[in-house]
Structures are given as C-alpha cells and as structure tokens.
Amino acid sequence: MKAVPGGKVVVLDPGHNGGNASHAAEINRLVPAGRGRSKPCNTTGTATGNGYAEHAFTWDLAMRVRDALTARGVKVVLTRPDNTGVGPCVDRRAAIGNDSGADAVVSLHADGSTTAGAHGFHIAYSAPPLNDAQGEPSLRLARSLRDGMVAAGLATSTYIGKQGLSPRDDLGGLNLSTRPAALVECGNMRDPAEAAVLSSAAGRQRYADAIANGVLGYLG
Ligand SMILES: [Zn+2]
C-alpha cells in the first residue's frame, strides 16, 4: 500500500449506542438534520434475528477500523467513547467531525431490511451537496470505500443504490457535515447469511480491513 501522508485525521462514527433503547425521550427529541428538516436525536438501530445489536456491531467494527488506521499513522477521533452511553444526537456527531477538522468522516452502520434475499453493502453520501466538502471529496471518499469493500470480496447491495453507492438527502449527519463524509451500511442484519458474517469476529475484521483500506486509498 501507498504511504499515508502524515497528520491525517479520520473521524469514525459508530452508529447508535447501547443506552439508546432505554432512553426513549432523550433519543426521540428532534434536532436539526439539515436541508431545513428535523429528525430524532438518534435511533436504536437494528439487530440480527439472533439478537446481535447494530450498536454492538458498529462499536466493535469502529475499534477494528481505528486500530487498522492508527497502525498506519492516522489520528482517529470517535463520536462516542463506548457502547454503554446514549446518543450523541446526529447533529452533535456531525459537529464532532466538523470541529476535528477531519480529512474524512466515516459513519458505520448495518441495515435491517426484511425483504427476502436483500443483502450487500452500500455507501451513502450527501446529494445534492450542501457545501464543497459534500461534493467531489465526499463522492471520492464513498467510491474509495466502495472499491475497498469490493476488493475484499464483499457484495454490493442488491436492494439500495447502484454499484454500492447511494446518494441521500435525508441523513442528518451527512447533511450537516462540512468535512468529506460517507456512511457505510455494511450489510443487512436481517439476512441470515450476512448476519452470520456480521456476527463473527472474523467477519467484522474483514469489513474493518476493507473499510480501512478504502479510507487509506482516499487519504493517499
Ligand atoms: Zn444504523
């Protein structure tokens, strides 16, 4: 791999949080979500059929991506310190990325579609862009993440977006970002085969390495 230029900062944003489900009022309060809209502060996320929660998945994945990036000299900032808290709200998560001056902001999620056979990953990015960072840089970040995941043999989504990319105007964290930002939906936790991979440490390491490679490709 190419050497990563020094001084790069990456914000990792693990979706949801372990305390969200027991703090409904706090989580459901409306916050600014960009484009003049409001959205709930945060949501509980989905889970596999066996009860493995998305917040646990995104947290574990973030730790693995962090380790892969820090090993390459990248400074990593997280939007939450653990998986036992509440929130933060989507507007606060965006602010953490903006205030850090991140070279890239990557939100980590998994989906919960009940459509039979729906599986595969997709990368969401803000479109139409609301600032320069949401334009070419964010699209290039999304493409690099997609390419890293395809190179790892991960399947692109069968049910959202095209070729693993999904332009979105309704995701608060992306709308409010003033840094290059993308959101990775790693797979469908309701698909039994994909759920088995997402639930395994080896599977998560595979996703983490692919995402780290995508980030490094963008930074390089
Ligand atoms: Zn999610």
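**Exercise 1. Helix 4**

Which residues of helix 4 are buried? Work this out on the predicted model, then describe the length of helix 4 and its packing partners.

*Solution.*
- Step 1: Start with the extent of the helix. Helix 4 covers residues 136-151, which makes 16 residues.
- Step 2: Check its length. From first to last C-alpha, helix 4 reaches 22 Å, close to the 22 Å expected at 1.5 Å a residue.
- Step 3: List the buried positions. They are Pro137, Ser138, Leu141, Ala142, Ser144, Leu145, Arg146, Gly148 and Met149.
- Step 4: Consider the spacing in such a list. In an α-helix there are 3.6 residues a turn, so residues three or four places apart point the same way.
- Step 5: Find what the buried residues pack against. Their partners are strand 5, strand 6, strand 7, strand 8 and helix 7.
- Step 6: Look just past the end of the helix. There, Gly153 has a positive phi of about 85°.

**Exercise 2. The zinc site**

Identify the atoms that coordinate the zinc ion, and place the donors along the chain.

*Solution.*
- Step 1: Collect the donors. His16 contributes NE2, Glu54 contributes OE and His109 contributes ND1, at 2.0 to 2.1 Å from the zinc ion.
- Step 2: Write the donors as a pattern. Their spacing along the chain is H-x37-E-x54-H.
- Step 3: Assign secondary structure to two of these donors. Glu54 belongs to helix 2 (residues 54-70) and His109 to strand 5 (residues 104-111), so to speak two distant parts of the chain, 55 residues apart, that are linked by the pair.
- Step 4: Are Glu54 and His109 buried or exposed? Glu54 is buried, and His109 is buried as well.

**Exercise 3. Strand 5 and its neighbours**

Follow strand 5 through its pairings, and decide how enclosed strand 5 and strand 8 are.

*Solution.*
- Step 1: Take burial along strand 5. Because 8 of its 8 residues are buried, strand 5 is largely enclosed by the rest of the structure.
- Step 2: Separate the two faces. Ala104, Val106, Leu108 and Ala110 are buried on one side, while Val105, Ser107, His109 and Asp111 are buried on the other.
- Step 3: Go to strand 1 (residues 9-14). Strand 1 runs parallel to strand 5, with 5 bridges between them, and Val10 stands opposite Ala104.
- Step 4: Go to strand 8. Strand 8 is joined to strand 5 by 6 bridges, and the two run parallel. Val106 is opposite Ala182, and the zinc donor His109 is opposite Glu185.
- Step 5: Test strand 8 (residues 181-188) for burial. Here too, 8 of the 8 residues are buried, so strand 8 is largely enclosed by the rest of the structure.
- Step 6: Add strand 6 (residues 122-126). Strand 6 runs antiparallel to strand 8 and is joined to it by 3 bridges; Ile123 has Val184 as its bridge partner.

**Exercise 4. Salt bridges**

How many salt bridges does a search of the whole structure find? Pick three and characterise their residues.

*Solution.*
- Step 1: The search of the whole structure gives 8 salt bridges.
- Step 2: Take Asp169 and Arg37, whose side chains meet at 3.5 Å, N to O. Asp169 sits in the loop between strand 7 (165-168) and helix 5 (172-175) and Arg37 in strand 3 (residues 37-40), so this pair ties together parts 132 residues apart in sequence. Asp169 is partly exposed at 32% relative accessibility, and Arg37 is partly exposed at 38%.
- Step 3: Take Asp60 and Arg204, with 2.6 Å from N to O. Asp60 in helix 2 and Arg204 in helix 7 (residues 201-219) are 144 residues apart. Asp60 is partly exposed, at 21%, whereas Arg204 counts as buried at 8%. The cut-off needed here is that buried means under 20% relative accessible area.
- Step 4: Take Asp67 and Arg66, with closest N and O atoms 3.3 Å apart. Asp67 is partly exposed at 42%, and Arg66 is partly exposed at 28%.
- Step 5: Look for shared partners. Asp60, Arg64 and Arg204 are joined into one network by salt bridges that share partners.

**Exercise 5. The surroundings of Asn98**

Locate Asn98 and list its contacts.

*Solution.*
- Step 1: Asn98 is part of helix 3 (residues 90-99).
- Step 2: Leaving out residues up to four places away in sequence, Asn98 touches Leu176, Ser177, Thr178 and Arg179.
- Step 3: Asn98 and Ala181 are 83 residues apart along the chain, and their C-alpha atoms are separated by 10.0 Å.

Note on methods: Residues numbered from 1 in each chain as written. Predicted model: local features only at pLDDT ≥ 70, side-chain atom pairs only at ≥ 80, totals over all residues. Heavy atoms only, no water. Donors = N, O, S within 2.8 Å, 3.2 Å for Na, K, Ca; no water. Helix = DSSP H or I, 4+ residues; strand = E, 2+ residues; numbered from the N terminus. Buried < 20%, exposed > 50% of the residue type's maximum accessible area, 1.4 Å probe, protein only. Salt bridge = Lys/Arg side-chain N within 4 Å of Asp/Glu carboxyl O. Pairing = 2+ DSSP bridges. Expected span 1.5 Å × (residues − 1). Contact = heavy atoms within 4.5 Å.
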